[in-house]
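This report looks at how the parts of one protein chain are held against each other, first through charged pairs and then through nonpolar side chains. Please keep the sequence and the structure in view while reading.

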Amino acid sequence: SDGSIRVHALGVDKSGRSMVARRRGYEVSSWSARGEVGDASAVAAVRLRPGREECAHVLIAWTDGALALWHLHERRSCATSTSARDATNGETLTCAEWLDANSVVTGHSNGVVRVWRVRVSQEEAAAPGDFVELQSVRPHQTVDPSHNGDLAKIRGLKTYVFDDDDV
C-alpha cells in the first residue's frame with residue numbers, strides 16, 4: 001500500500017527445504033523505481049518479464065498508472081513511465097500483464113485496456129528507458145459500438161503466447 005516492494009533471495013537449506021535468505025533481500029521504494037518524488041500509490045502488480053534471458057527484470061505497476069521495469073540484480077530501473085493521464089478523473093490501474101518481452105497490457109477501473117511498448121535502457125549509467133502507449137481499447141464499445149453506459153472495471157488480464165509469438 002505504500003508503493004514499495006520487497007525482493008528476497010530464495011535458497012535451500014541443508015535438509016532440502018526452501019527458505020528465504022533475508023540478509024540478501026532489499027526493498028524497492030516507489031520513488032527509487034519510478035524516479036519521481038511525490039505521494040506513493042499502492043502497487044497493483046509485479047510481473048516477471050518473460051523469456052529465458054529476461055528473468056532479472058520485473059514489471060512494477062502502481063494504481064496511479066505509473067510503470068517501471070526493475071532490474072533485480074543491478075537494483076535500478078531500466079524503463080519508467082509517469083502516472084496515467086486520466087488519474088485525475090479517478091481512473092486507477094487495476095492489473096498488468098506481459099504480452100511478450102517488450103510489450104505490456106494494463107487494465108483500468110474505467111474499463112480501458114492499454115497496450116504499451118517497453119523501450120529499455122541497457123546502460124547502467126544512462127537514464128532509464130520508457131513505456132510508449134501503443135493502443136487504448138474500450139472492450140465494451142468494441143463488442144457493442146452503441147454502448148453508452150458506464151464501462152465495467154477491468155479486474156484481470158490473461159495473455160496467451162504461442163510458439164509463433166501470437167498473443
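## A charged pair between two strands

Glu 133 has a relative accessibility of 25%, so it counts as partly exposed, whereas Arg 114, at 3% relative accessibility, counts as buried. The model is a predicted one, and in it Arg 114 forms a salt bridge with Glu 133, with 3.4 Å between the closest N and O atoms. Because Arg 114 belongs to strand β9 and Glu 133 to strand β10 (residues 129-137), this pair ties together parts that are 19 residues apart in sequence.

Strands β9 and β10 also hold the partners of another salt bridge, since Arg 119 lies in β9 and Asp 130 in β10, so that parts 11 residues apart in sequence are tied together. The side chains of Arg 119 and Asp 130 meet at 2.7 Å, taken from N to O. Arg 119 counts as partly exposed at 47% relative accessibility, and Asp 130 counts as partly exposed at 27%. Through salt bridges that share partners, Glu 91, Arg 114 and Glu 133 are joined into one network.

## A buried charged pair

The structure holds 6 salt bridges, and one of them brings together the side chains of Arg 34 and Asp 64, at 2.7 Å from N to O. Arg 34 is part of helix α1 (residues 30-34), while Asp 64 sits in the loop between β4 and β5, so this salt bridge ties together parts that are 30 residues apart in sequence. Are these two residues, Arg 34 and Asp 64, buried or exposed? Both Arg 34 and Asp 64 are buried.

## The nonpolar cores

In soluble globular proteins, nonpolar side chains tend to be buried together. The largest nonpolar core here has 14 residues, of which Leu 59, Leu 67, Leu 69, Val 104, Val 118 and Phe 131 touch the most other members. At least two residues of this core come from each of the strands β4 (57-62), β5 (67-71), β6 (76-80), β7 (93-100) and β9 (113-119), and β7 gives the most, with 3 residues.

Which residues does Leu 59 contact, once its neighbours within four places in sequence are left aside? Leu 59 is in contact with Ala 45, Val 46, Arg 47, Leu 67, Ala 68, Leu 69, Ala 96, Trp 98, Val 104 and Phe 131. Apart from the largest core lies another core, made of 11 residues, including Ile 5, Val 7, Tyr 26 and Val 58.

Technical notes
Residues are numbered from 1 along each chain as its sequence is written. This is a predicted model: local features need pLDDT of at least 70, side-chain atom pairs count only at pLDDT 80 or more; totals for chains, interfaces and linings use all residues. Side-chain values use heavy atoms; hydrogens and water are left out. A nonpolar core is a set of buried Ala, Val, Leu, Ile, Met, Phe, Trp, Tyr and Cys residues joined through side-chain atoms within 4.5 Å. Buried means under 20% relative accessible area, exposed over 50%, partly exposed in between (1.4 Å probe, protein chains only). Helices (H or I, at least four residues) and strands (E, at least two) are DSSP runs, numbered from the N terminus. Contact means heavy atoms within 4.5 Å. A salt bridge is a side-chain nitrogen of Lys or Arg within 4 Å of a carboxyl oxygen of Asp or Glu.
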